[in-house]
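Here are some exercises to work through with the model open beside you. Try each task first, then follow the solution step by step.

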Amino acid sequence: MLAAQPICAGLLYLTLMPSSLQSGGTLTVLTAHASAIGEIVGGTHLVALPEAPEIAGADRAPDLATALRRFAPARLKIVGDGLEPRDIEAVNGIPVDFTPGKPPSGLIRVDFPPPVAPGATITVGGRVSGITHPAVDLVDPAGRRVDTAVPDAAGDFVVSGTARASGPARFTLKVRSGSQVIEEAPVPEWTSAAPPVRLLLLAGAPGPETKYLRRWASDAGMTVHSQIATGGGLALGDSPLAISPSTLQQFDIAVLDERSWGSLTSGERSAMLAAVRAGLGLLVRIDGPLSVPDRTALQSLGFTVAASEGSAPVTLPRVDEAASLARDGPGSSDAPSRLNRDAAVPPLTRWTARLTAPTATPLLRDATGATLAPWRSEGEGRIALWPLDDSFRLVLAGHAASYDDLWRAAFAKLGRGKPQATPRIEQPARVGQRVALCNLAGVATVTAPDGGSTTLVDDPAAGCAAFWPRTTGWYYLRQQGQATAYPFAVEAAGTWPNVRARAIRDATLRLASAPAARLSTTASQGFAGGLWPWLLAWLAATIGLWWFERSKLGLAQRQIITTWTIAL
């Protein structure tokens with residue numbers, strides 16, 4: 001009786017978990033569009049996952065983990081589009097051979113825009129593949145084209161538009177081959193009110209560039225503090241502020257000209273650079289010839305400034321008029337946006353001093369792609385030199401929208417970043433598919449469009465939580481102790497089909513190229529036959545034990561055991 005207990009337990013284990021004694025070999029796994037593959041023969045077993053088509057001779061499995069428990073293969077052969085996300089982790093180091101089908105063509109990647117403030121520029125990137133002479137249009141919620149891009153040799157593209165009123169919006173990407181639309185894909189975008197940008201504007205003398213920059217910043221809703229020196233210790237604008245780290249902490253970006261920068265004391269420059277390292281954005285305008293002291297002062301910003309050779313005309317990149325008109329909107333009755341649309345874009349001027357730094361990045365380029373204004377990182381902030389001298393001419397010539405785009409893009413690049421880390425939400429998000437939410441702080445909940453709330457369970461190892469949306473619409477992620485809600489859109493399961501197919505294909509290719517390191521080799525050393533022999537053996541052992549316990553010998557033995565137990 002004592003010996004039969006572990007025997008029955010072992011046989012029951014082998015019945016429920018037969019993988020440790022299976023024959024190994026190769027398991028052929030059929031995935032989506034496997035019927036499009038010419039040859040799928042091979043392997044010891046043939047298994048079809050739920051998304052695979054009906055193929056004769058294939059055993060159906062609800063997922064790859066179930067198939068691995070049933071057959072315990074030593075190697076996998078994946079046929080079709082590839083493994084779904086639910087099956088990736090189940091591979092667990094088993095060697096993989098992947099026979100992919102035809103790669104998806106069309107829109108295969110979309111870089112979705114983050115939430116922005118009203119009036120800000122939204123940027124959408126992506127990649128297209130398999131299309132002859134492709135072009136990508138960004139269409140706004142009103143159905144107007146706001147930008148067009150021609151993908152490069154790798155298929156990458158970037159288009160941009162303008163966010164309007166606060167709330168959700170739905171842009172559309174149209175992929176064309178000539179005039180034929182190949183694919184359309186939604187781009188959900190959320191516009192939320194944000195604290196106004198705090199601008200410190202310093203100038204060594206009055207001038208039209210300073211005047212128009214100050215007016216534009218005020219009209220754009222920024223909080224502006226300006227100090228414009230007029231000589232003799234006098235200044236125009238607001239009351240003077242001391243240049244100290246505590247004062248500069250109140251601003252997001254500081255704009256100076258080379259004269260105001262050169263007039264700062266060494267202590268004030270040190271305070272300014274300390275504020276930049278703490279996150280302040282600094283832009284220094286060059287609006288005249290640079291003297292030797294001016295170049296020396298600018299070199300303290302980490303740039304190499306060569307002697308100026310005078311001024312030179314500049315042509316900015318050409319703007320698509322139809323897209324620009326749609327982006328600017330209709331305007332107002334007294335100032336329609338079509339006013340002065342036919343006016344030529346005036347040539348601008350820049351000072352030709354060579355501005356370089358070992359880690360400089362272009363902030364502004366001309367029509368030929370040459371760098372006009374470079375910027376570099378300094379701690380948590382950024383520093384830029386701006387040699388463009390008369391961008392205000394764009395406003396005078398009726399191209400205020402181009403002026404707005406010019407400076408808004410510069411401020412967006414240089415401005416102070418957000419003080420706290422924001423959650424990272426996996427995109428694209430579809431109904432019924434896992435969405436990863438990372439960088440969470442404390443207890444987090446997700447509110448669905450119907451008002452239902454779900455508390456997320458964070459995985460400490462991954463640093464993320466998983467969420468499975470059930471309906472389309474806008475969801476809101478809320479974290480304990482924070483008043484801010486982070487919205488994200490969920491689309492139907494069939495949205496962006498080529499993006500999903502490419503992601504599945506790439507993930508499976510990475511599995512096939514990764515070195516395999518299976519932890520156990522018993523799968524190739526056991527016996528074949530499935531679970532039935534072990535089930536019959538367990539049943540026979542259990543019946544024999546049952547009979548023995550009820551026989552005369554078994555009753556006598558049980559009486560002896562009972563007596564020992566009472567004695568103990």
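Two strands pair if DSSP finds at least two bridges between them. Helices (H or I, at least four residues) and strands (E, at least two) are DSSP runs, numbered from the N terminus. This is a predicted model, in which local features need pLDDT of at least 70 and side-chain atom pairs count only at pLDDT 80 or more, while totals for chains, interfaces and linings use all residues. Residues are numbered from 1 along each chain as its sequence is written, and side-chain values use heavy atoms, with hydrogens and water left out.

**Exercise 1. Get your bearings.** How many helices and strands does the protein chain have, and what percentage of its residues are buried?

Solution.
- Step 1: count the elements, and you get 14 helices and 32 strands.
- Step 2: turn to burial, where buried means under 20% relative accessible area, exposed over 50% and partly exposed in between (1.4 Å probe, protein chains only). Of the 568 residues in the chain, 41% are buried.
- Step 3: look at contacts (heavy atoms within 4.5 Å). Taking those between residues at least 6 apart in sequence, 64% join residues at least 24 apart.

**Exercise 2. Trace the sheet of five strands.** What is the strand order in this open sheet, and which strands are at its edges?

Solution.
- Step 1: read across the sheet, and the order is 3-2-1-4-5, with parallel pairing.
- Step 2: go to the edges, where strand 3 (59-60) and strand 5 (96-100) each pair on one side only.
- Step 3: see what packs on the sheet. Helix 2 (residues 64-71) does, touching strand 1 (26-30), strand 2 (45-48), strand 3 and strand 4, and its direction makes about 155° with that of strand 1. Helix 12 (residues 497-513) packs there too, touching strand 4 and strand 5, at about 145° to the direction of strand 5. For these angles, axes are lines fitted to C-alpha atoms, for helices over the stretch in contact, and angles run from 0 to 180 degrees between N-to-C directions.

**Exercise 3. Zoom in on strand 4.** Which residue of strand 4 stands opposite Val-29, and why is strand 4 largely enclosed?

Solution.
- Step 1: start from strand 1, which runs parallel to strand 4 and is joined to it by five bridges. Opposite Val-29 you'll find Ile-78.
- Step 2: cross to the other neighbour. Strand 4 (residues 75-80) and strand 5 are also parallel and joined by five bridges. Here Ile-78 has Phe-98 as its bridge partner, and Gly-80 has Pro-100.
- Step 3: check burial. Five of the six residues of strand 4 are buried, so the rest of the structure largely encloses it.

**Exercise 4. Place Asp-59.** Is Asp-59 buried, exposed or partly exposed, and what does it touch?

Solution.
- Step 1: find Asp-59 in strand 3.
- Step 2: its relative accessibility is 34%, so Asp-59 counts as partly exposed.
- Step 3: list the neighbours. Leaving out residues up to four places away in sequence, Asp-59 touches Leu-46, Val-47, Ala-48, Arg-70 and Phe-71.

**Exercise 5. Explore a pocket.** Which helix gives the most to the lining of the second largest pocket?

Solution.
- Step 1: learn the rule. On a 1 Å grid over the protein atoms alone, a pocket is an open set of points where a 1.4 Å probe fits, with protein on both sides within 12 Å along at least five of seven lines; lining residues have an atom within 4 Å of a point.
- Step 2: the lining has 22 residues, with Pro-85, Glu-426, Gln-433, Arg-434 and Arg-500 nearest the centre.
- Step 3: helix 3 (85-88), strand 26 (435-438) and helix 12 are the elements that give two or more residues. Helix 12 gives the most, with six.

**Exercise 6. Spot the unusual backbone.** Where do His-133 and Trp-496 lie, and which residues does a cis peptide bond join?

Solution.
- Step 1: recall that most residues other than glycine have a negative phi, and most peptide bonds are trans.
- Step 2: His-133 has a positive phi of about 50° and lies in the loop between strand 7 and strand 8 (134-139). With a relative accessible area of 68%, His-133 is exposed.
- Step 3: Trp-496 has a positive phi near 50° and sits in the loop between strand 32 and helix 12. At 3% relative accessibility, Trp-496 is buried.
- Step 4: the cis peptide bond joins Gln-427 and Pro-428, with omega about 0°.
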